[in-house]
Every structure is written in structure tokens, then in C-alpha cells.
Amino acid sequence: MEFLSQLTLLQWLGTIFGVVQVLLARQNNIHNYLFGIVAILISIWVLYRSQLYADILLNLYYLVMSVYGWFYWKMGKQKQETPISTSNRREHTIAGGIVLGCFVLMAYWLAQHTDSDVPYWDALVCAFAWAGMWLMAKRKIENWIYLNISNFISIPLLIYKELYIYAGLTAFLFAVAISGYIKWKKIIANERDGTYAGA
């Protein structure tokens, strides 16, 4: 019972940091990464105790991409802040490759080398989230689409695993991602009109 209450407390704490992170990301605010990193570290422990191993790897990837994204948003390729943009054909191909490659690798690893009881489900959540996070780090608007596909698949998985607080957070993130896509689309339109909304 004490173990479950500790997991519940950690879920709430991770949820608070996760909510702040996604709201700041929606606002195109670079500080979203600070809150995201804390939420990731908490999530890794909760997921480990829940045997969601692909999600642990996903969160480790999130950690790396959060650090990368923080620097990329700030400095970009031209040593100046990177604006929001849409993905080109090459970036769409890379994102699709990330989904396919991640799913195949994660599904094989989870099914053959772990005690996961949901290897394909967990792998699918992971695959779309990996692609979405890569696009987020690149400040591409399509990140919201990939992340929301992952969120949509993840909600019933988290309920199945009785991680109800994280399921609620993911449902919230699903709504915010829709709002984030709309917000970023407006920012892109404003940039094209010459009025850049900085972080």
C-alpha cells in the first residue's frame, strides 16, 4: 500500500511538471524544456516500477532530445533562435522512418527480451512519440500530430496498467496538442506576415 501511494504521489508530481511543460511548449516558450526534464526523470522511475520498458527508453530519448531541443531552439543552425516551420519532404520521410524503425526494434526487444505483457502496444506508443519529439526539437509544427497519435494510443494502455493519473495527463496533453497545433499555425502565419513571435 505504501508503495502504491508513493507511485501515486510521483505520478501527481510528474503530472504537474508535465502540464507546465506542455503549456509552455504551446506558447512557444523555450523554458518548457526545464519542466519537461524534471517530468521525464520522475516518469522514468514510475514506468520502471510498472514494467513499461519501451516508455522508459522513450523517456530517455525525450531527455536527450529535450537537451538538444533546448539548444536548437536557442541557437539553431545560424547561431540564432530557430523559428517554427513546417516539415519538408525529407523531414517527413525521416519522421516516418523513425516511426517504422522504432516500432520494429521496440516490438522485437519487448516481445523477446522483457517480461512486458503489452509489447506491441507499448512499441507503437513509443514509435510515434519518438518521431514527434524529434520534430518538436526541430521546432516543426507536425510534432503535434505525431505526439497526438502517440497520446491517443497511450491513454487506453495507461488505463490498462492502472496508471490513471498518467492516463488523465495524457488525455489533457491530447487536448493541448490540438490547441498547440492551432497556436503554432497562427505563429507561422504571423511570421510570414513579418511579425515573429519569439520565445
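At what angle do helix H5 and helix H6 pack, and how far apart are their axes? In this predicted model, H5 (residues 119–137) and H6 (residues 143–160) pack at an angle of about 150 degrees, and their axes are 8 Å apart. Angles over 145 degrees count as roughly antiparallel, so that is the label for H5 and H6. The crossing of H5 past H6 is left-handed.

Plenty of side chains can be picked out where these two helices touch. On the H5 side, the contact includes Trp121, Leu124, Val125, Phe128 and Met136. H6 brings in residues including Trp144, Tyr146, Leu147, Ile153 and Tyr160. Sorted by class, the contact of H5 with H6 has 17 nonpolar, 4 polar and 1 charged residues.

Now for the rings. The model has 9 aromatic pairs. In one of them, Tyr61 and Trp130 have ring centres 3.9 Å apart and planes at 5 degrees, so the pair is stacked. Tyr61 sits in helix H3 (residues 53–75) and Trp130 in H5, so this pair ties together parts that are 69 residues apart in sequence. Tyr61 is buried, at 13% relative accessible area, whereas Trp130 counts as partly exposed, at 22%.

Back at the H5 and H6 contact, Phe128 and Tyr146 form an aromatic pair too, this one tilted, with 6.4 Å from centre to centre and 35 degrees between the planes. Phe128 belongs to H5 and Tyr146 to H6, 18 residues apart, and the pair links these distant parts of the chain. Are these two rings buried or exposed? Phe128 is buried, with a relative accessible area of 18%, and Tyr146 is buried as well, at 15%.

Methods: Residues numbered from 1 in each chain as written. Predicted model: local features only at pLDDT ≥ 70, side-chain atom pairs only at ≥ 80, totals over all residues. Heavy atoms only, no water. Axes fitted to C-alpha atoms, helices over the stretch in contact; angles between N-to-C directions. Helix = DSSP H or I, 4+ residues; strand = E, 2+ residues; numbered from the N terminus. Parallel < 35°, antiparallel > 145°, perpendicular 65-115°, else oblique. Left-handed = near helix turned anticlockwise from the far one by under 90°. Contact = heavy atoms within 4.5 Å. Nonpolar A, V, L, I, M, F, W, Y, C, P; charged D, E, K, R; others polar. Phe/Tyr/Trp six-rings, centres within 6.5 Å; stacked < 30°, edge-to-face > 60°. Buried < 20%, exposed > 50% of the residue type's maximum accessible area, 1.4 Å probe, protein only.
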